[in-house]
Amino acid sequence: MARIEINKLTKEFGSLTALDDVSLRLEKGQIVGLLGPNGSGKTTLIKILNGLLTPTAGTVKINDMEPGVGTKKIVAYLPDRNALPDYMTTDQLMGLYADFFEDFNAAKAAAMIDDLGIDRKQTMKKMSKGTKEKLQLCLVMAREAQVYLLDEPIGGVDPATRDYILRTIISNYNEDAVVIISTHLISDIESVLDDVIFLKEGRVVLHDTADNLREEKGESVDQLFREVFKC
Amino acid sequence: MEWNFKNGIPIYTQIIDEMTMRIASGSYEPGEKLQSVRDLALDAGVNPNTMQRALAELERRGLVYSERTSGRFVTNDKGILDSLHEELAVRYFEELEDKLRKIGMTGEEITGAVNKWLADIK
């Protein structure tokens, strides 16, 4: 059984088709790059996997369950914008995560938060945009989940932090989990990816391993992306 | 140690090449224990599956071996290391020859240039 199985998934918003007949199977033990330009359907797909949106047609299964209460226990989700109460301090947010998620590893979160120099007593409201993003990522990655859905995890942070985040993803690598990273900053993450999915106008135009693509096309995933999505 | 990856070549083959060089040059010593797959992956900034695939290939080529409980080691086999040096020498000579041919030198001229070079460095 695949960890994630998506079958003929379509999502429409009125007359707009955000996802168009998407079918994917993702096995455990993989780090998957969900790549596509703005408006290609990346966030919509992630939100459906997380149960925040419902499909117009087709099915989505995580561990053979439809997204819902059962899957939220095993899915760690980093949204593309802040979804946490920003009047809370770092310590309080860690408490919140510990209350909500059985699989939250507080010691791991604390270690990451200290590594990145995030003030434990500071409220989120007073943090810079980048620090907010770092904190959310620490909380999400500190869960011992089976699926990680990371929507643009490296968009707003400096290059040194970006390296730290990628190292965190590698060191947290777990044979039982699947990590899905949506981004358009491909060159930064391509060495970390097993599989690459290109989304274009709501359709999967390519799904292969990163190394196969490099071998067959003789270019980096980033170069290939620039070709496929040339404006 | 720094790892730099080029575009357009699978990362696992680049890891194989880099580790082969490290073994050949002695920066990984014969018999040395290698770091765990995860630590090597972290060090190189690559996916652990990719590192695993590269190590499996190095093992197949006899450059590293694993011991079931204690980890992975660089080979101690002098024969393997010697033939690795020979292989690398051939590869570098090929590259050199290729470049010299591109600038229009004949086989004879190349031999002459190589002999002169060797005489000079003695």
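**Cavities, sheet and pocket**

Tutor: The second largest cavity has a lining of 9 nonpolar, no polar and no charged residues. The model is predicted.

Student: What makes the residues of that lining nonpolar?

Tutor: Check the names. The lining of the second largest cavity consists of Ile6(A), Leu24(A), Leu26(A), Val32(A), Leu34(A), Leu45(A), Leu49(A), Ile180(A) and Ile197(A). Ile, Leu and Val count as nonpolar, so these residues fall into that class.

Student: Which elements give two or more residues to the lining of the second largest cavity?

Tutor: Strand S2 (16-26), S3 and helix H1 (42-49) of chain A do. The volume of this cavity is about 40 Å³.

Student: How do you know how many cavities of 30 Å³ or more there are?

Tutor: The whole structure was searched, and 2 were found. The largest has about 50 Å³.

Student: Why is it called a cavity and not a pocket?

Tutor: A 1.4 Å probe fits in a cavity but cannot get out, whereas a pocket is open. The space of about 50 Å³ is listed as a cavity, so the probe fits there and cannot get out.

Student: What makes up the lining of the largest cavity by class?

Tutor: There are 8 nonpolar, 3 polar and no charged residues. Gln30(A), Asn172(A) and Asn174(A) are among the lining residues. Gln and Asn are in neither the nonpolar nor the charged list, so they count as polar. Tyr148(A) and Tyr173(A) also line the cavity. Tyr counts as nonpolar, so both go to that class. Strands S3 (30-35) and S7 (178-183) of chain A each supply at least two lining residues.

Student: Why do S1 and S4 of chain A count as paired?

Tutor: Pairing needs at least two bridges. S1 (residues 4-13) and S4 have 5, in the antiparallel sense, so they pass. One position to look at is Ile4(A), which stands opposite Ile62(A) in S4(A). H1(A) packs on the sheet and touches S1, S2 and S4 of chain A. Its direction makes about 120° with that of S1(A).

Student: Why are S2 and S4 called edge strands?

Tutor: Take the order: S2-S1-S4 of chain A, an open sheet of 3 strands with antiparallel pairing. S2 and S4 (57-62) each pair on one side only, and that makes them the edges. From one strand to the next the twist averages 20°.

Student: How do you know that S1(B) and S2(B) pair?

Tutor: By the same cut-off of at least two bridges. S1 (residues 64-67) and S2 (residues 71-74) of chain B are joined by 4 and run antiparallel, so they pair. Val64(B) stands opposite Val74(B) in S2(B). The two strands form a hairpin, with 3 residues between them.

Student: What makes domain 1 and domain 2 of chain B separate entries?

Tutor: The domain assignment does: domain 1 is 11-76 and domain 2 is 79-121. Their C-alpha centres lie 28 Å apart. Even so, 9 residues from domain 1 and 7 residues from domain 2 take part in their contact. Contact means heavy atoms within 4.5 Å, so a 28 Å distance between centres does not rule it out.

Student: What lies around the largest pocket?

Tutor: The space there is about 590 Å³. Of its 26 lining residues, Asp188(A), Ser191(A), Phe5(B), Ala44(B) and Gly45(B) are closest to the centre. H6(A) gives the most to the lining, with 6 residues. By class the lining has 10 nonpolar, 6 polar and 10 charged residues. Asp counts as charged, so Asp188(A) belongs to that class.

Technical notes: Residues numbered from 1 in each chain as written. Chains lettered and ligands numbered in written order. Predicted model: local features only at pLDDT ≥ 70, side-chain atom pairs only at ≥ 80, totals over all residues. Heavy atoms only, no water. 1 Å grid on protein atoms, 1.4 Å probe; cavity = no way out; pocket = protein on both sides within 12 Å on 5 of 7 lines; lining within 4 Å. Points joined across faces, edges and corners; volume = space filled by probe spheres on them. Axes fitted to C-alpha atoms, helices over the stretch in contact; angles between N-to-C directions. Domains from an automatic or database assignment.
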